Amino acid sequence: MSIKPQPIAEIPALTQQVAKAAFPKGNPYLTLKDELGSVFEDSDFVGLFSNTGQPGLPPWRLALITLLQFRENLSDRQAADSVRSRIDWKYLLGLELTDEGFDFSVLSEFRDRLIESEQEHLLLEKLLECAQEKGLLKARGKQRTDSTRVLASVRKLNRLELVGETMRAALNELATVAPGWLSEIVPDDNWYERYGRRVEDYQLPKSEAKRNAWAQAVGEDAYYLLFCLEASSLTDWEHLPKIQALRLMLERHYAYDADGPLDAQVRWKAKKELPRAKFGIESPYDVDARFRSRCGVNWVGYIVHLSETCDDEQCHLITHVETTDASIHEAQRTEAIHQSLLNKQLPPSEHFVDSAYVSAEHLVNAKEQQIEMVGPARQDMSWQARLEGGYDGTKFDINWETETVTCPEGNVSTSWKPRAMPDNRDYIQARFSSRDCSTCEAKELCTRGPQRSLNLHPRAQYEALEQAREQHRSEAGQEQYKRRAGIEGTISQGVRGFGLRRSRYRGLAKTHLQNVAIGAAINIDRLVNWINDVPLARTRTSRFKALESA
């Protein structure tokens, strides 16, 4: 397919006439077209298409249709039908009333092009540019960020089901690309019995010994299959998605010793031997999805971070959408979010976040970018902080000039050494004399070892963290932080109205495109409501609850 960028034509006269007559009181898509125009242009997507070949559909239209599709939570087929049948869609897209539309498969092909060229961010950024041109969005305002879970489009499997289903998926893939070769290397009919159906359709063993034996057999079969592939003349088998998933599964759940006895080279690992969840797949059908447990909720999939403006008397628009696998903690994305907002020339002056995004290092780095992070810093979780009257870090007096620390009992530290963590983060270790600590009457409140040591952030980070904690504890800080709560409503809107919490697709790239499109679709709603002077809905209160304040 090829495109030749063309100027966007006026809306056909008959389409305008019928649309205005059909919606005399207005319509969101008519308002969007009249106020913001077409949002996209063909030139925005030139890099997605070839210069030769059959002419394709105008990409600016496909981009708009994608946003409308996610705004109304439609399938590809339903979206294509809406282009053919709905007057408001034809008005926004500048189509004749008699336009017959296109095959619904065009939409998935367009999304694939966006992902392959890493241009999915255009769906949101072009809409933000239109809002900036209209004066509805400005840099250096107030913004807030929070995240929510996104469930992967796969079934959650236990360990036994995972290893069996991964092997079955690999065999099915090989049966498609090399059926003759596969039938020759199958050792016996037990394979057809073991991997002929989905694992959850079987009555898996109940006893621990039999379950371990079944898992051991699957591991031996999987390694045998890989050895046969390595010795074969098949080409590019290493790049088959299910074979890659099989390798990842074996790496996490099995141990292999090529130098050991033949009957003990493959070993099913005990659960306590498994590496962290971020190093293993949870399904052969989506190798990007990861397991996460947060606040008592377990899921397999992803996390989406939403940032939005929150200035008073301004349209609240989503400015950034970021998607990661579920194993990546929020604090690992704070600086990436700030940098993305800077790249868009939309950095906030104040950034409201919860404690998951705040650290001493982030506070200092954000200040260098002229961003004030507003949020509760994570509390000290040491046993001293949890013990009533315990000597936690706040009880010690630090003298940065003399590089000494004085404990609550008046003893002074004897050493002060800069050190580095395994991830290269710097810290300072201050130690007290074991002689002072062993004879101290308050030892039970301070340390369980022979001497007390404190790990301190570098001075700039330490002072920034203490200042943030003091600010958050103050009455003014608590009042200021109330602004963050509004992002919860945005997440609720995305989940309830736009299907934000469930991925339609498999893989991180496609899930991220979905989240970006949902963020842009939410912005369409907000821009139209702002232009039409629709007030924000008030928090709902039941009639019974209202009696409390009556």
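This dialogue looks at one helix and some salt bridges.

User: What kind of model is this, and how are residues numbered?

Analyst: This is a predicted model, in which local features need pLDDT of at least 70, side-chain atom pairs count only at pLDDT 80 or more, and totals for chains, interfaces and linings use all residues. Residues are numbered from 1 along each chain as its sequence is written, and side-chain values use heavy atoms, with hydrogens and water left out.

User: How many Å should helix α7 span?

Analyst: Helices here are DSSP runs of H or I with at least four residues, and strands are runs of E with at least two, numbered from the N terminus. The expected span is 1.5 Å times one less than the number of residues, so the 12 residues of α7 (residues 122-133) should span 16 Å, which agrees with the 16 Å between its end C-alpha atoms.

User: Which residues form a salt bridge with Glu308 and with Glu165?

Analyst: A salt bridge is a side-chain nitrogen of Lys or Arg within 4 Å of a carboxyl oxygen of Asp or Glu. Arg144 forms one with Glu308, their closest N and O atoms being 2.7 Å apart, and this pair links strand β1 to strand β5, 164 residues apart. Arg168 pairs with Glu165 at 2.8 Å between the closest N and O atoms; because they lie three residues apart in helix α8 (residues 159-177), about one helical turn separates them.

User: Is Glu308 buried or exposed?

Analyst: Buried means under 20% relative accessible area, exposed over 50%, and partly exposed in between (1.4 Å probe, protein chains only). Glu308, at 0%, is therefore buried, and Arg144, at 8%, also counts as buried.
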